[in-house]
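Trainee: I am new to this structure and would like a close look at a single part, the place where protein and DNA come together. Please take me through that part slowly.

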Number of protein chains: 2
Amino acid sequence: MFEAFRQYTSQFITLSVSEQQGFENIFACRQVPAKTKLTREGQTANELFFINKGLVRLYYTKEEKEYTGFIFREHLFASSYESFLQQTSSIQTLETIEDCELLVCQHQQLQQLYDKIPALHILARKVAEQRFMSAQMIISSFVLDSPEERYLYFLRHHGDLLLRVPHHIIASYLGISPVSLSRIRKRQIK
Amino acid sequence: MFEAFRQYTSQFITLSVSEQQGFENIFACRQVPAKTKLTREGQTANELFFINKGLVRLYYTKEEKEYTGFIFREHLFASSYESFLQQTSSIQTLETIEDCELLVCQHQQLQQLYDKIPALHILARKVAEQRFMSAQMIISSFVLDSPEERYLYFLRHHGDLLLRVPHHIIASYLGISPVSLSRIRKRQIK
DNA sequence: GCCTGTCATTAACAATTGTAAAGAAAACAT
DNA sequence: ATGTTTTCTTTACAATTGTTAATGACAGGC
């Protein structure tokens with residue numbers, strides 16, 4: 001249940017057995033079907049998720065349409081980050097793409113644990129740093145690369161997701177229309 | 001000298017007088033003319049900057065051309081973040097846009113101070129979280145908005161920079177060509 | 001089995017953008 | 001003051017993208 005969780009956190013910090021125990025205790029396991037909303041736009045995200053199995057996407061809503069901002073894979077923390085951190089109303093929705101197994105933790109419990117396990121500050125810092133670096137790479141690809149290049153990069157690094165995620169979701173993640181993605185894919189085959 | 005620095009850090013943590021003293025001690029003040037490279041592509045960034053005065057931009061190089069990834073304003077930490085954090089070779093260059101007054105700190109000294117002042121972990125975490133949220137807003141604007149909408153957003157929030165930063169730099173920050181920016185601006189006047 | 005909803009592709013047209021090149025204006029240095 | 005560099009705009013053309021709509025494939029629910 002916590003194998004992947006332990007492996008992920010141990011990249012960043014080492015906890016004593018009792019600390020690790022206390023940390024894992026605030027997470028509950030939850031099985032969730034595909035297309036379930038985990039966090040809703042307009043509400044405060046008070047849960048943090050670690051994905052044991054499945055895929056989750058984060059999207060924005062604008063004029064009735066959904067725009068995917070990120071796709072979370074297995075063995076990553078997923079959340080509407082700023083809403084969770086600042087406990088403010090979220091402008092993003094978190095929704096499962098596949099059936100998922102999630103480890104779920106409440107904001108308040110995590111907050112209380114920071115005092116008991118100071119090393120969690122380091123973990124939180126490293127996770128935030130990692131997410132920032134990942135976000136920066138995405139920004140650089142928008143600034144540096146054409147839609148076609150962004151698709152090729154996605155193909156190389158997350159090619160397996162092409163079989164697991166509807167293409168219109170990938171298209172909006174790449175910042176283009178589904179039609180354009182289809183055209184780019186057609187060009188590549190030749 | 002450290003007024004803005006104190007104000008910025010006090011948003012996140014409160015240090016004792018001696019801690020604050022020790023923290024500020026690892027920063028040196030440096031006056032730098034415009035168009036000075038602070039961090040070079042291919043080298044490891046071992047300095048972190050706090051901008052007292054002036055503007056700094058971060059850019060990538062691709063096929064002899066420069067693509068701006070971020071523009072740092074006064075009273076912000078600026079750095080080639082991942083290179084500084086991981087002490088790896090950087091793919092980005094940091095360069096002043098205007099004459100700048102900077103507070104400069106070495107990676108090693110900061111690293112040593114983490115042990116003496118554990119609250120710095122919290123500060124580093126909050127700074128990373130803030131930068132991540134800022135990065136996420138930029139990503140969402142690439143996914144949600146047209147180049148024209150991105151320009152209008154930039155105008156509303158950083159309109160003063162239009163007078164301080166060459167437009168071709170702003171254009172590449174917005175992910176478009178200078179020609180396209182000029183066309184968008186022309187449309188807006190009417 | 002059938003129906004419905006979801007999804008991917010294609011076509012046609014309009015709109016936008018990128019590229020290359022040229023010119024004018026402003027800033028800078030000598 | 002002069003010449004050089006930098007910056008911004010404009011033009012013309014090619015390429016790409018967005019939009020709308022139609023089609024066919026596919027899976028899930030009843």
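Mentor: Start with DNA strand C. Helix H7 (167–174) and H8 of chain A, together with H8 of chain B, each supply at least two residues of the surface near this strand. H8(A) gives the most to the surface near DNA strand C, with five residues. Keep in mind that this is a predicted model.

There are 17 residues around DNA strand C, and those that come nearest are A:His167, B:Ser177, B:Ser180, B:Arg183 and B:Arg187. By class, the surface near DNA strand C holds five nonpolar, six polar and six charged residues. On the DNA side, sugar or phosphate makes up 65% of the atoms of DNA strand C within 4 Å of the protein, and the rest belong to bases.

Some individual atom pairs can be followed here. A:His167 has a backbone N or O atom 2.8 Å from a phosphate oxygen of DNA strand C. For A:His168, a polar side-chain atom lies 3.3 Å from a phosphate oxygen of DNA strand C. From chain B, B:Ser177 places a polar side-chain atom 2.9 Å from a phosphate oxygen of DNA strand C.

Now turn to DNA strand D. This strand is surrounded by 16 residues, the closest being A:Ser177, A:Ser180, A:Arg183, A:Arg187 and B:His167. Of the atoms of DNA strand D that come within 4 Å of the protein, 64% are accounted for by sugar and phosphate. The residues of the surface near DNA strand D fall into five nonpolar, six polar and five charged.

The elements that supply at least two residues each to the surface near DNA strand D are helix H8 (178–189) of chain A and, from chain B, helix H7 (167–173) and helix H8 (178–189). H8(B) contributes the largest share of that surface, five residues.

Phosphate oxygens can again be followed one by one. A polar side-chain atom of A:Arg187 is 2.7 Å from a phosphate oxygen of DNA strand D. For A:Ser180, the distance from a polar side-chain atom to a phosphate oxygen of DNA strand D is 3.3 Å. In chain B, the side chain of B:His168 has an N or O atom 3.2 Å from a phosphate oxygen of DNA strand D.

It helps to set the two protein chains side by side. A turn of 180° and a shift of 0.0 Å along the axis lay chain B on chain A with an RMSD of 0.0 Å. The two copies are thus related as by a two-fold rotation axis. The same surface serves both copies, and 97% of the contact residues of chain B recur in chain A.

Each chain also has a pair of packed helices to look at, away from the topic of DNA. In chain A, the axes of helix H4 (residues 107–116) and helix H5 (residues 119–144) come within 7 Å and cross at roughly 125°. H4(A) is therefore oblique to H5(A). The residues that meet are A:Leu110, A:Leu113 and A:Tyr114 from H4(A) and A:Leu120, A:His121 and A:Ala124 from H5(A). That contact of H4(A) with H5(A) has five nonpolar residues, one polar and no charged.

In chain B, helix H4 (residues 107–116) packs with helix H5 (residues 119–144) at an angle of about 125°, and their axes are 7 Å apart. H4(B) and H5(B) are therefore oblique to each other. On the H4(B) side, B:Leu110, B:Leu113 and B:Tyr114 meet B:Leu120, B:His121 and B:Ala124 of H5(B). The classes in the contact of H4(B) with H5(B) are five nonpolar, one polar and no charged.

Conventions: Residues numbered from 1 in each chain as written. Chains lettered and ligands numbered in written order. Predicted model: local features only at pLDDT ≥ 70, side-chain atom pairs only at ≥ 80, totals over all residues. Heavy atoms only, no water. Near = heavy atom within 4 Å. Polar contact = N/O pair within 3.5 Å; in protein donor to acceptor, adjacent residues only side chain to side chain. Helix = DSSP H or I, 4+ residues; strand = E, 2+ residues; numbered from the N terminus. Nonpolar A, V, L, I, M, F, W, Y, C, P; charged D, E, K, R; others polar. Least-squares fit on C-alpha atoms with pLDDT ≥ 70 in both. Contact = heavy atoms within 4.5 Å. Axes fitted to C-alpha atoms, helices over the stretch in contact; angles between N-to-C directions. Parallel < 35°, antiparallel > 145°, perpendicular 65-115°, else oblique.
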